[in-house]
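The following exercises are meant for a reader who meets this structure for the first time. Each task is followed by a solution that proceeds step by step.

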Amino acid sequence: MPEDLPPVIDLSRAPGARAAWGRPAWMVLLWGLVEQVFVTNAFQISSRLRVAVLRKFGATIGDGVILRPGLRVKFPWKLTIGDRSWVGEDVWLHNQDELTIGHDAVVSQGTFITTGSHAHRRDMALITRPVVIEAGAWVTARCVVTGGVTIGRSALVGPGTTVQSDVPPNTIVGSGAPQVLGERFPATRSAAQER
């Protein structure tokens, strides 16, 4: 290999492909089928049925929880949701480690929560870290929450925000105000040219 090229990790040698499963292969495969029919399925509109199916596969889910269509859950046996919490449409809980959502918390539409990553400088081994969303917190639409994060009690995460570190209780975080990058139509063009 020439000296000026960075190294490349051989992904066929990456450890940990099934390390986070926590259940036998047959149960993981059965869950994949059941999830598609009863949880993710947009035609299945019953939140109670979603809750019941997730509980059967080991999730700890409190009373009055609302789970909307399109929900994906990697491993229900690593999921805890407190009373009266809401999880919106098309939320993906990629929980290869423990994911805890406190009572009266909201995870809104299109949000992706992942507890897994990889040892990107070493061998791409799977690394998992739990995520905690405390009571009363609201993770709004299209957010990304990464492993090892705690979102504090009654905190609010603004739309489209990527959360890679803890959010203190009772704070609002966001991706920031939009920045002006330039003009859509440069001022040098005349109105006649715009037509």
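**Exercise 1: The sheet of six strands**

Two bridges join β5 to β8, and these strands run parallel. The model examined here and below is a predicted one.

Task: Identify the bridge partner of V87 in β8, then state the order of the open sheet formed by six strands and name its edge strands.

Solution.
Step 1. V87 has V107 as its bridge partner in β8.
Step 2. The six strands of this open sheet follow the order β2-β5-β8-β13-β16-β18, with parallel pairing.
Step 3. β2 (66–67) and β18 (172–173) are the edge strands, since each pairs on one side only.
Step 4. As background, strands of a sheet pair through backbone hydrogen bonds, either parallel or antiparallel.

**Exercise 2: The sheet of five strands**

Task: Determine the order of the open sheet of five strands, and describe how strand β9 is joined to strand β14.

Solution.
Step 1. The order is β3-β6-β9-β14-β17, and the pairing is parallel.
Step 2. The edge strands are β3 (72–73) and β17, each of which pairs on one side only.
Step 3. Strand β9 (residues 112–114) and strand β14 (residues 144–145) run parallel and are joined by two bridges.
Step 4. Within this pair, F112 has V144 in β14 as its bridge partner.

**Exercise 3: A valine in strand β14**

Task: Decide whether V145 is buried or exposed, and list the residues that V145 touches beyond four places away in sequence.

Solution.
Step 1. V145 is located in strand β14.
Step 2. The relative accessible area of V145 is 0%. Because buried means under 20%, V145 counts as buried.
Step 3. Leaving aside residues up to four places away in sequence, V145 touches F112, I113, T114, V131, V139, I151 and V163.
Step 4. For V106, which is 39 residues from V145 along the chain, the C-alpha atoms of the two residues are separated by 13 Å.

**Exercise 4: Two threonines in loops**

Task: For T115 and T161, give the location, and then establish whether T115 and T161 are buried or exposed.

Solution.
Step 1. T115 belongs to the loop between β9 and β10 (116–118), while T161 belongs to the loop between β16 (156–157) and β17 (162–163).
Step 2. T115 has a relative accessible area of 2% and is therefore buried. T161, with 4%, is buried.
Step 3. The side chain of T115 reaches the backbone nitrogen of Q96 at 2.7 Å.
Step 4. Residues up to four places away in sequence are not counted among the contacts of T115, which include H94, Q96, I127, P130 and G147.
Step 5. With the same exclusion, T161 touches R142, C143, V144, V173, G174 and S175.

**Exercise 5: Salt bridges**

Task: How many salt bridges does the structure hold, and which parts does the pair of R84 and D104 tie together?

Solution.
Step 1. The structure holds two salt bridges.
Step 2. In one of them, R84 pairs with D104, and the closest N and O atoms are 2.7 Å apart.
Step 3. R84 lies in the loop between β4 (79–81) and β5 (86–87), and D104 lies in the loop between β7 (99–101) and β8 (106–107), so the pair ties together parts that are 20 residues apart in sequence.
Step 4. R84 is partly exposed at 44% relative accessibility, and D104 is partly exposed at 32%.
Step 5. R122 forms a salt bridge with D123, with the closest N and O atoms 3.2 Å apart.
Step 6. R122 counts as exposed at 57% relative accessibility, whereas D123 is partly exposed at 23%.

**Exercise 6: A nonpolar patch on the surface**

Task: Name the residues of the nonpolar patch, and find the helix that gives the largest share of the patch.

Solution.
Step 1. The patch is formed by W26, L30, L33, V37, F38 and L49, which together have about 560 Å² of accessible area.
Step 2. Helix α1 (residues 25–39) contributes the largest share, five residues.
Step 3. L30 lies in helix α1 and is partly exposed, at 37% relative accessibility.

**Exercise 7: Positive phi values**

Task: Where do D90 and M124 lie, and what is phi for D90 and for M124?

Solution.
Step 1. Most residues other than glycine have a negative phi.
Step 2. D90, in the loop between β5 and β6 (92–94), has a positive phi of about 60 degrees although it is not a glycine.
Step 3. M124, in the loop between β10 and β11 (126–128), has a positive phi near 65 degrees.
Step 4. M124 is partly exposed, with a relative accessible area of 23%.

Note on methods
Residues are numbered from 1 along each chain as its sequence is written. This is a predicted model: local features need pLDDT of at least 70, side-chain atom pairs count only at pLDDT 80 or more; totals for chains, interfaces and linings use all residues. Side-chain values use heavy atoms; hydrogens and water are left out. Helices (H or I, at least four residues) and strands (E, at least two) are DSSP runs, numbered from the N terminus. Buried means under 20% relative accessible area, exposed over 50%, partly exposed in between (1.4 Å probe, protein chains only). Contact means heavy atoms within 4.5 Å. Patches are made of residues with over 30% relative accessible area and no salt bridge: like charges are joined within 9 Å, nonpolar side chains (Val, Leu, Ile, Met, Phe, Trp, Tyr) within 5 Å. Accessible areas come from the Shrake-Rupley method with a 1.4 Å probe; for residues, only the protein chains shown count as cover. A salt bridge is a side-chain nitrogen of Lys or Arg within 4 Å of a carboxyl oxygen of Asp or Glu. Two strands pair if DSSP finds at least two bridges between them. A polar contact is a pair of N or O atoms within 3.5 Å; within protein, one must be able to donate a hydrogen and the other to accept it, and residues adjacent in sequence count only if both atoms are side-chain atoms.
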